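Hello,

Here is the structure I promised to pass on. Please have a look at it first; my notes on what I found follow below.

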Amino acid sequence: MKRSDFDPNSIEILNKQLKKTTLLILVVFGVLILRLWFLQIVNGSTYRTKSESNRINLRAIPPFRGMIFDRNGEMLVGNRPSYDLYVIPEGVQHQKRLSGSLKRLIGLEPQVIEQKLDGASRRYPFRPICLKRDISRNELAVIETHRFNLPGIMIKIKPQRHYIQSNLAAHLLGYLGEIDEDQLKSGRYPGSKPGDLIGKTGVELKWQPFLNGMRGGEQVEVDAAGRKIRSISLKPSVSGGNIYLTIDKDLQTLAERCLKDKKGAIVALNPNNGEILAMASSPCFDPNLFIEGIDRTTWGRIVSSKDFPLQNRALSGQYPPGSIFKIVIALAGLEEGIIDPEEELFCNGTYTLGEHTYRCWQKYGHGMVNLRRALVESCDVYFYKMGERLGVDKIARYARRLGLGKVTGFPVGHEKEGLIPTSKWKLKRFGVPWQLGETISMSIGQSFVLVTPIQMASMMATVFNGGFIFKPQIIKRAGKGGGDKGYNFKPKMIGNAGFKKENLDFIKSALVGVVNDTRGTGWRAKLKNIKVAGKTGTAQVITLEKEKEKDFNADEIPSRFRDHAWFVAVAPAEKPRIALAIIIEHGGHGGKVAAPIAKRMIMSYLEKSLEVFACRP
Amino acid sequence: MFDRRLIQNFDWILLLLLLVLAAISILNLYSATYAIRDVGGSQVFVKQIYWFLIGFAAFFLMTTYNYSVLERFAYPIYFISIALLVLVLLVGKVASGSQRWLDLGLISFQPSEMAKISILIVLAKFFSKKGGYREYRLRDLWQPFLLIMIPFVLILKEPDLGTALLLVVISFSVILFVKVHWKSLVILVASALSVAPFIWLELKDYQRLRILSFLRPDMDPLGSGYHINQSKIAIGSGLFWGKGYLKGTQTRLHFLPEQHTDFAFSVLGEEWGFIGSVLLLLLYLFLILWGLNIAKNSKDKFGSILAICIVASTFWEVVVNVGMVTGLLPVVGIPLILFSYGGSALISTMAALGLLMNISMRRFMFQ
């Protein structure tokens, strides 16, 4: 017997227990193997994906946004380096000392650092956290010189949109803002991510994809601490293209200076092709404010301002044209043969129709006036009569032929149509038939008539270029890289008003008279060497009824009841190079307020004279 | 004293198993520390080779005498190890919040490892003392209960929850093996359960967190749950064939925590896939079943029970670690025996397995 101290009974029990134990062990190992099966075979691919996303980090390479220049290649919008202050949590040796130093050096509050470091992910101690964006040059210098004393601190440089002249042409250029959820979902911004800056208005919006370029990306292998180990694949970003606008920076600057502290708009364009040379709207805003996310109070102030600084008055400001509309009446009358230029009518200062008496701005009347004198001296009574002869619908037809009552097709911003009333329109709109009295006030650009400054400038261009209507353009050239390659924009003619040359010539000559004749209302726009043509307008803000009671001395009326001052001009009249429309809200008389601005603009553009920059207040 | 039969009866299979496991372990450790070889990682791998050499020395040392000597000196050995446990609480080295190591100048070792073996010996002595197997009742068990409780409390004090609980589990499974009357068993389980809340209160915050994060690993994916999740990702992403030797991204990029100690198995799972993990498990299974076979063939009762004790210890350490890294059990910080890096644990394991070899070699000898 080999097992000395085992009795047979106990050997039996031992073997029984061993069998049970073996079974138990097999079951437990079976469970472990099943578990491995579950992890590695059943859910294996899920875990494989997880391990891949663990190690592979996709880092975006933002593209360089294209720059915007004026027609002469002067930069309007560029990108400047923004120096951002970062901290790497792992590098911080002594948090208290670091926040103390930063407080002392650049006045950064210690709570900010504390908050950011506490909020940082424990998992990525090597991932930099931004402490302050866009630090100033002085702050940068201080940080750089004390760098050895600031472990964990680093500076990152990134391009920041820079509107060089802050608010120059702000309405045209637009501004950048963070892409919002609706825009992300819309699919119109492929490759965009939350937090991206996109054009929100103006050229920045209209040409967003072109300016933006294409985002690049880099697949980076990272370790558990978020440190970059190596680059797996790299797709470089594609820089956005540059855009050359049609505007002339000097002229634009002058236009904005002339509108300073006023409300109003100026549009200057090339009458031969529709290129916008300047487009200013006042009050304005600084697009730089929007880039890093505007704070609530500033935004609130801008949006709720009664002066609507975000509105581009040149496109969406709708005003009664006042006497400028007389050009339409005159052209319509000539084309219809209703007006004989030689015919003289008598103006005694009033025109009575039924119970109403309509006044001429010249209280004592102009006496005997023909068409030319009526335009030059802006006789209201003459046009009351002519308007009455034509009737509302004929006036409307010619107004529309000149491009009024519809958008000009300017590609940027929200253009308004204005309003050219017809008898049908009135009936439909108000359910009341058109009144003859309304035709009378329409003849001098009041009543329901509304126009925008760009329509006025375009109309002047049409009169002076032989009747062609061009689509106003803002882009002169757009190109990638150096700018030599790329596309040039061609003028786009959208119509020919089809007026007789002799009629247009007559109007042109009369408009030259407005500025150059002794009694012309636009004499303040007269230039020595250049033949300027123009037309003044004074758009009444309050109704004619009320006007009767008001005093005629415009300077004594509170400004909000004062008339809008209009002036439209073309120069040189023989060979037009610039067409202008200027409106100063509540400015008073067009000839007095707006015409001098036209003079300075024309002088600046055509003579490139420096003295005009000394803009009189 | 030396007997030729000892050579004849030498258990080559046991030795071969250990050599294979040692080779796999070193290979795996090389990969686990491959990414940190610049910062002392290569030392880890070389050191483990030395530890294995010392381990095999301990293994052979344990075969040189007749194991029945241990039956005689069971209690002295036990008290020495208790004394060392007390000593470690007084003068032990404090590392990461716990006092587990005795610094002996050249090397440091964990008295809890020695305590484990000594408990196995006294338990084997106790359960083989009385003639014949019979069902133990509760009143018979106060002595082993006390023998377990003293080191348990001392180890818990260090604190080393994992080792302490493992001790209880191993002892309990031995008691189960020797057959306990079912009534006593019910009372035992009930009292263990009633003690559990008090143990919960005694636990340190990080220990509670580990258990909580085991129950709900998604609760804090970057905190305690992070280890479990990353380990599961490592093993799972190995798929069937694995990512290949030295190609485990979880390991190489440090997503896997403690990849050369507690989570060494995850490295294998990632790089060798299902096939490699199962093969390793089968090796352990074979080792355990071979141990049972040794228990069965032992010439005396003490040898049988001692072999069972060693098998139970091996079994539980493997199951707890593999269960832990695969997310079946909470993270308790038990390394995988013969596989994870660590000298003290390896030496005590090799010593215990040396005892097993001792029993195996003397299976045909009579006193």
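Let me start with chain B, whose secondary structure comes to 14 helices and three strands; helices (H or I, at least four residues) and strands (E, at least two) are DSSP runs, numbered from the N terminus. This is a predicted model, in which local features need pLDDT of at least 70 and side-chain atom pairs count only at pLDDT 80 or more, while totals for chains, interfaces and linings use all residues. Residues are numbered from 1 along each chain as its sequence is written, and chains are lettered from A and ligands numbered from 1 in the order in which they are written.

Chain B has 367 residues, of which 49% count as buried (20 or more other C-beta atoms within 10 Å of a residue's own; 12 or fewer is exposed, in between partly exposed; C-beta atoms are placed from the backbone). Of its contacts (C-beta atoms, placed from the backbone, within 7 Å) with a separation of 6 or more, 71% join residues 24 or more positions apart.

How confident is the predictor? The model scores ipTM 0.91 and pTM 0.63. By pLDDT, the predictor's confidence in each residue from 0 to 100, chain B averages 84, with 90% of the residues at 70 or above. Among the elements of chain B, helix α12 (residues 264-297) has the highest mean, 94, and helix α9 (residues 205-215) the lowest, 68. Chain A has a mean of 83, and 91% of its residues reach 70 or more. Please be aware of residues 543-552 of chain A, where pLDDT is below 50, and of residues 609-617 of chain A, where it stays under 50.

Now to where the chains meet: 41 residues of chain A are in contact with 43 residues of chain B. On the chain A side, α1 (8-42) and α2 (44-55) each supply at least two residues, and α1(A) gives the largest share, 20 residues.

Finally, the largest nonpolar core (buried Ala, Val, Leu, Ile, Met, Phe, Trp, Tyr and Cys residues joined through C-beta atoms within 7 Å) has 129 residues. Helix α23 (residues 590-607) of chain A gives the most to this core, nine residues. A268(A) and A457(A) have the most contacts inside the core, and A268(A) touches, among others, L251(A), A457(A) and M601(A). A second, separate core of 105 residues includes L32(A), L36(A), I288(B) and L306(B).

Best wishes

Notes
Two residues are in contact if their C-beta atoms, placed from the backbone, lie within 7 Å. Lists of a residue's contacts leave out its neighbours within four places in sequence.
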